[in-house]
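Dear colleague,

I am passing on the structure below, followed by some notes on what was found in it. Please read the notes with the structure open beside them.

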Amino acid sequence: MISLRISNTSSPSVINMVVTAPCFFASSIFRVSTTEDCTSHSISFRLSPNVIITGNVLLNGKQRSTASRNISYVTQEDHLLGSLTVRETLTYSAHLRLPSTLTNSQINEVVETTTMKMGLEECAATKIGNWHSRGISGGEKRRLSIGLEMLTQPHLMFLDEPTSGLDSASAFFVIHALKNIALEGKIVICSIHQPSSFVFDLFDDLCLLSSGDTIYFGEAKAAIQFFSDAGFPCPTRRNPSDHFLRCVNSDFDKILSIRLQSQRDAGSPEAESSLNLTTQNIKEKLIEEYRNSAYSINTRKMIREITLVDGPGQSTSNLNMNEISWWKQLITLTNRSSVNMTRDLGYYWLRIVFLVVIALGAGIMFFNIGLSSSSILSRAKFYTYFFDFFLCLCVGGLPSFIEEWKVSYYERLNMHYGEGVFVFANFFSSFPFLVLAAVSSVAILCSMVKFHMGFSIFFYFFINMFFCISIMESITMTIALLVPNFLMGIGVSAAVIMFLTIASGLYRPLPELPNFFWRYPMSYISYTSWAVKGLYKNDMVGLEFEPIKPGQPKMKGEQVLATYFGVDSNQSKWWDLGAVLLLFLCHRVIFFMVLKYKDRVVWVWRKRWMKQSLEELGKRSSFRMERVIPSKRHQPLHSLSSQEGLTSPLQ
């Protein structure tokens, strides 16, 4: 038995829920007032933060937590990595969720069994598909999403509109797969809009809801007889689900009003003989009929019987999170992310190509920079050019990261693994690509521009660039978690990059920066200031430049640093590199904190805001004394008789 009450400021809407199960699930009683179908969301506690939910969730009459591996929830959207194949997706998910005591052969057996049950054998080796490669169909994606939840053999499954966006054939195959799951002893509950007649024939039980009121709950086949007994039989050659919705969905009245007006203008006799029967009248009659029917009496009786007996204990398939090794999860996530980054061209490969192009451009413009007096200014221009373009390219992988993060968010919401595992796996999988990006660009620059030569000089340049790219990756990913979409994320990330480079010393020496804010504290918390100082020292310390005027002694690199760039060469460049490393660790910690606590902070803030709003409304005398009037937004104005057919008594 599930009993909930959900409230929101939005206007009511029609909600349908289909129960497909061998009839262990007793009843569903909802009080819903929202603009979307939130039945499955409420049971699984996946409602948006601006919705208040109160009440109890009882399984077999006992208080149970829905945050259990014995209960699964499949969202309306498919959260899948497009670069992986169907079999790889199931295999990685199985390694993340199944106990570590299972061997690889046992896990592969579970994967193959799930693939066969969901009818995915033919496309098991096909990639799911992304922006640059075509993959499986929409129906196959839905069955794959369901198969991912079936890996742990949950006893209760909730699905939010599993046929949304599918054609009739794909929808039939999806529901047929759910029917087979239900016949194995599982409880499958899903919300479905406008099912076809073939899909409707697969239903075992039907719960029809409209604006939070229960219109009917019982066997799906008996619903036709119920509507007939209530005075609204289904016309011949009419899909029963369409007839039910037309009787209880007031949105059809808007279309009917236009149709009836057209008939009146044309002088049609049908319009004159139609009865003044609105959707609201039909709903009220159906609700009253159901309350007094044997279906409602039997349902309440079953609920009372279930609450008096102990329900079955936790199934053996209810896996404990502690049974899954943290190390195994880290290895699995790292492998999966590495495969995704390797196959997704937009994640790193295109950026590496662009970095090489920029490095070649900088190498051509500053080729063999030399040690002349003019090369001092050229060095400053080179670093400014390279840092500006180089760092801005770090935001190019934001769309690919957001796709991976959506999958991770869904998995962490289902307690597949924790935030720390994701952060470490993301860094380990991206490490080879970051090294390749840094070493390829630095090798081109050092060979063409010909800075201070030497292996230690090259190694320092490479390590410095590696940490700079890694920090920008962390900043970009953090911003992606905080902004609503990736377009805004790209803009905000680019703005943050340019903001941090202002205090880097590229445009103006650090001692000449305004002391307030830019010098203290920005030049200390900006990684670019430490990175640029280290690169200046790495390049110029130990060199001697030609004098500005002939006859003067050569200028040492230390003197140039102090005179033109305001850099103290007495401090070792390795201290600057250590500061960059420390800032890299700080940015990774910030990324982890945002990943872990963002939703909690938003939830607490919105809860406090809603509490204050309710208190302010309660103080208003007009709000306390005024009688609550239902919204008239969906009030019907015209009859339904003209669309019900010749055999319907509504005409």
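**Contacts and cores**

Among the contacts in the chain with a separation of 6 or more, 77% are between residues 24 or more positions apart, a contact being heavy atoms within 4.5 Å. Please bear in mind that this is a predicted model, in which local features need pLDDT of at least 70 and side-chain atom pairs count only at pLDDT 80 or more, while totals for chains, interfaces and linings use all residues. Residues are numbered from 1 along each chain as its sequence is written, and side-chain values use heavy atoms, with hydrogens and water left out.

Of the 651 residues in the chain, 51% are buried, that is, under 20% relative accessible area with a 1.4 Å probe, protein chains only. The largest nonpolar core (buried Ala, Val, Leu, Ile, Met, Phe, Trp, Tyr and Cys residues joined through side-chain atoms within 4.5 Å) has 90 residues, and those touching the most other members are Phe382, Phe387, Met465, Tyr527, Tyr536 and Phe565. Helix 18 (residues 455-482) gives the most to this core, with 16 residues; helices here are DSSP runs of H or I, at least four residues, numbered from the N terminus. A second, separate core of 57 residues includes Ala177 and Leu286.

Leucine 144, in helix 4 (residues 138-150), counts as buried because its relative accessibility is 0%. Leaving out residues up to four places away in sequence, leucine 144 touches Leu80, Val86, Thr89, Leu90, Leu120, Ile128 and Ile136. Valine 86 lies 58 residues from leucine 144 along the chain, yet their C-alpha atoms are separated by 7.2 Å.

With best wishes

Definitions and conventions: Buried < 20%, exposed > 50% of the residue type's maximum accessible area, 1.4 Å probe, protein only. Helix = DSSP H or I, 4+ residues; strand = E, 2+ residues; numbered from the N terminus.
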